[in-house]
Amino acid sequence: PTEELLASLWTEVLHLERVGITEDFFALGGHSLLATQLVSRIRAAFGVEVPLRALFEAPTIAALAPRIEAARQARAFQAPPLVPAPRTGALPLSFAQQRLWFIDQLAPGASTYNIPSILRLEGELHLEALRQSLTELVRRHEALRTTFSETQGQPFQRIASPTDLPLPTVDLSPLGEAALDEARRLASAEAQRPFDLASGPLVRALLLKLSPTEHVLVFTLHHIVSDGWSRGVLVREVAALYSAFAQGLPSPLPELPLQYADYALWQRSWLHGDVLE
């Protein structure tokens with residue numbers, strides 16, 4: 001069909017009754033102006049962009065047809081743009097999230113996919129600024145207030161409204177020199193405490209006070225809402241927010257143009273059917 005349609009376009013442009021699939025476009029009287037017209041008609045007929053040089057490199061129907069077929073297939077499998085999606089209806093999981101969800105169904109209550117960050121804070125601590133920073137972090141990132149439910153065996157994301165992130169504090173300063181060892185024990189226990197993917201939250205914070213100027217922040221996430229790379233991003237954002245809020249300044253961070261749920265919807269809308277085969 002591609003060769004037949006190309007042949008009809010060639011006869012129109014060259015004003016010939018018929019052409020052979022191995023005949024050279026330029027040998028039949030074609031020139032650069034007619035080549036431009038042909039490329040334009042190919043665009044209209046096949047819905048693909050074929051550069052003008054392609055006709056010079058493949059000047060016969062037999063040589064040009066495979067290039068057009070390749071361009072059509074590339075367009076069919078081209079990724080759609082990643083854009084913000086409406087939050088209506090059930091939100092799907094990304095493929096990576098679904099894998100982690102299935103693993104959790106097989107072994108609920110495991111802490112294998114906990115991602116802890118243990119931060120040593122030195123100097124006078126502005127506790128309210130830290131609370132405000134963590135709450136703003138959760139507001140900014142939908143993934144940090146997402147839980148995972150199921151309907152008829154199919155998981156979906158549920159994004160909660162922004163709310164304060166609890167920051168329980170344990171004062172270990174009365175223990176003196178033993179405070180650090182106890183902080184290590186508590187931090188390890190907190191890092192291994194399992195999450196419930198259905199009820200959440202899937203992010204936790206715990207503050208351990210060693211002395212008036214020494215604190216340890218234990219910040220734990222489940223891998224289904226974070227990974228090693230994004231953990232570093234979150235920690236840097238908390239630092240930037242804390243610095244601003246401690247000085248009474250507004251958040252210095254711009255609003256996020258996309259959220260992880262947008263990526264999951266984009267991935268599911270694109271990677272299905274023939275694209276995966």
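This report covers two pockets, two helices and a few single residues of the structure. The model is predicted.

## Pockets

The table sets out the two pockets.

| Pocket | Volume | Lining residues | Top contributor |
|---|---|---|---|
| Largest | about 630 Å³ | 23 residues | H8, with five residues |
| Second largest | about 180 Å³ | 13 residues | H8, with four residues |

Start with the largest pocket. Ala143, Val225, Trp229, Ser230 and Tyr260 are the lining residues that lie nearest its centre. Three elements give two or more residues each to this lining: helix H5 (95-106), helix H8 (228-246) and helix H9 (260-270). H8 gives the most. By class, the lining holds 14 nonpolar, seven polar and two charged residues.

Now the second largest pocket. The lining residues closest to its centre are Leu121, Leu125, Leu130, Val238 and Tyr242. Strand S1 (114-122), strand S6 (214-222) and H8 each supply at least two residues of the lining. H8 again gives the most. The class count for this lining is nine nonpolar, two polar and two charged residues.

H8 is thus the element to follow here. It is the top contributor to the lining of the largest pocket, and also to that of the second largest pocket.

## Helix H7

Helix H7 spans residues 179-192 and has 14 residues. From first C-alpha to last, H7 reaches 20 Å, close to the 20 Å expected at 1.5 Å a residue.

Which residues of H7 are buried? They are Ala179, Ala183, Leu186, Ala187, Glu190 and Ala191. Seen down the axis of H7, these buried residues fall within an arc of 135°, so they line one face of the helix. An α-helix has 3.6 residues a turn, so residues three or four places apart point the same way.

The buried residues of H7 pack against S1, strand S4 (169-171), strand S5 (203-211) and S6. The face turned away from the buried side carries the exposed residues Asp181 and Arg184. S1 and S6 therefore appear twice in this report: they pack against the buried residues of H7, and they supply residues to the lining of the second largest pocket.

The loop between H7 and S5 holds Pro201. A cis peptide bond joins Gly200 and Pro201, with omega at about -10°.

## Helix H9

H9 is one of the elements that line the largest pocket. The buried residues of H9 are Ala261, Asp262, Ala264, Trp266 and Gln267. What covers them includes H5 and S3. H5 is itself among the elements that give two or more residues to the lining of the largest pocket.

## Positive phi outside glycine

Two loop residues come next. His15 is not a glycine, yet has a positive phi of about 60°. His15 sits in the loop between helix H1 (2-14) and helix H2 (32-46). Is His15 buried or exposed? His15 counts as exposed, because its relative accessibility is 72% and the cut-off for exposed is over 50%.

Gln152 is a residue other than glycine, with a positive phi near 55°. The loop that holds Gln152 runs between strand S2 (146-151) and strand S3 (154-159). Gln152 is exposed, at a relative accessible area of 81%.

## Two residues and their contacts

Leu119 lies in strand S1. At 25% relative accessibility, Leu119 counts as partly exposed. That label applies because 25% falls between the cut-offs of 20% and 50%. Leaving out residues up to four places away in sequence, Leu119 touches His215, Val216, Leu217 and Val235. The C-alpha atoms of Leu119 and Val218 are separated by 6.5 Å, although the two residues are 99 residues apart along the chain.

Where is Glu136 found? Glu136 is in helix H6 (residues 127-140). Glu136 counts as buried, because its relative accessibility of 14% is under 20%. Neighbours within four places in sequence aside, Glu136 is in contact with Leu241, Phe245 and Ser251.

Conventions:
Residues are numbered from 1 along each chain as its sequence is written. This is a predicted model: local features need pLDDT of at least 70, side-chain atom pairs count only at pLDDT 80 or more; totals for chains, interfaces and linings use all residues. Side-chain values use heavy atoms; hydrogens and water are left out. On a 1 Å grid over the protein atoms alone, a cavity is a set of points where a 1.4 Å probe fits but cannot get out, and a pocket is an open set with protein on both sides within 12 Å along at least five of seven lines; lining residues have an atom within 4 Å of a point. Grid points are joined across faces, edges and corners, and a volume is the space filled by probe spheres set on the points. Ala, Val, Leu, Ile, Met, Phe, Trp, Tyr, Cys and Pro count as nonpolar, Asp, Glu, Lys and Arg as charged, and the others, Gly among them, as polar. The expected span of a helix is 1.5 Å times one less than its number of residues. Buried means under 20% relative accessible area, exposed over 50%, partly exposed in between (1.4 Å probe, protein chains only). The arc is that of the directions from the helix axis to the C-beta atoms. Contact means heavy atoms within 4.5 Å.
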